[in-house]
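Please find below my notes on the aromatic side chains of this entry, set out as numbered points for your consideration.

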Amino acid sequence: MSSLDSIAREASRLLRESKYAVVFTGSGISAEAGIPTFRGKDGLWNKYRPEELATPAAFATNPLRVWKWYAWRIGLVLRAQPTIAHRAIAELEEMGIVKAVVTQNVDGLHQRAGSKNVIELHGSIMRARCTECGYKWQIERQQSDEELPLRCPKCNALARPDVVWFGEPLPSDALYAAYREFSKADLVVIVGTSGVVEPAGSMPLITLRNGGKLINVNLERNRYSGIATISYHGKSSEFFKKLMSLMR
Ligand code: OAD
């Protein structure tokens, strides 16, 4: 029996026995949809400097540069489709096993896959927010350079992507909702995250401290590898394909 077989079998047992399973995801779950991760060889932070693109100071200095980078990423997200992993997680929620998805991702692929209870810790790249009046609206298409930077349709002030940048606090409603879910959970399935960005990265530890278990699915070893009951180091699509063949 391959290690994926035995890992998936053990994971399916833990999921069936769990009373309140929560899924925690990062950019690795969307990598196979063609959306780049942040760290590692092909990661965004290997090619771009976060302090020039993802901080309030960067936006104040050059809103057009920041918006052009986000418009490029919006294009990637609009062309992407949810992966097997996104769809499996939605199916596990439908089956009543997964109760919530807490994501660091801003791409909306969990919702597009059918997940209902999704908590977005870092906002959404498909939403803009007015820097003056706070009005928020959905972005439906990729903007051309001439349309940027976006302005508020209500008050015409400068708008920004409705995402969390370095140095900014997480939206308090999402933060509290996530703490609530990790406090209730007896099992957390972690998928595609290095876990190095706080406070998100430490949230699964709440469940662990309460006596709950972690399943860790990540291409390479990460901060959860030593503390998870099960770790699968490989592609999330491979793991969920095998897992769902045992869950259905
Ligand atoms: P990272 O780039 O730090 O980690 C992504 C992880 O996914 C890596 O450990 C990869 O090994 C793994 N991975 C890649 N492809 C995979 C696949 N097909 N299947 C499974 N795992 C795979 O990205 P995040 O942990 O999401 O914050 O980063 C956290 C935060 O840092 C992001 O939300 C973003 C960033 O700065 C903000 O924008 C506020």
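**Aromatic contacts**

1. In this predicted model, one aromatic cluster is formed by Phe38, Trp45, Tyr48, Phe59, Trp69, Tyr70, Trp72, Trp165 and Phe166. A member of this cluster, Trp165, also has a charged neighbour, since Arg160 lies over the face of its ring at 3.9 Å from the ring centre.

2. Searching the whole structure gives 12 aromatic pairs. Among them is the pair of Tyr135 and Trp137, which is stacked because the ring centres are 5.8 Å apart and the planes meet at 20°, where planes under 30 degrees apart count as stacked.

3. As for the surroundings of that pair, Tyr135 is partly exposed, with a relative accessible area of 31%, whereas Trp137 is buried, its relative accessible area being 17%; the assignment of Trp137 follows because buried means under 20% relative accessible area.

4. The ring of Tyr135 also has a charge placed over it, as the charged end of Lys154 sits 4.8 Å from the ring centre. Tyr135 therefore takes part both in the stacked pair with Trp137 and in this contact with Lys154.

5. Which geometry do the rings of Phe239 and Phe240 adopt, stacked or edge-to-face? Their centres lie 5.1 Å apart with the planes at 90°, so the pair is edge-to-face, given that planes over 60 degrees apart are counted in that way. Phe239 counts as buried at 1% relative accessibility, and Phe240 is likewise buried, with a relative accessible area of 1%.

How values were computed: Residues are numbered from 1 along each chain as its sequence is written. This is a predicted model: local features need pLDDT of at least 70, side-chain atom pairs count only at pLDDT 80 or more; totals for chains, interfaces and linings use all residues. Side-chain values use heavy atoms; hydrogens and water are left out. Rings of Phe, Tyr and Trp (its six-membered ring) pair if their centres lie within 6.5 Å; planes under 30 degrees apart count as stacked, over 60 as edge-to-face and the rest as tilted. Buried means under 20% relative accessible area, exposed over 50%, partly exposed in between (1.4 Å probe, protein chains only). A charge sits over a ring if NZ of Lys or CZ of Arg is within 6 Å of the ring centre and within 35 degrees of the ring normal.
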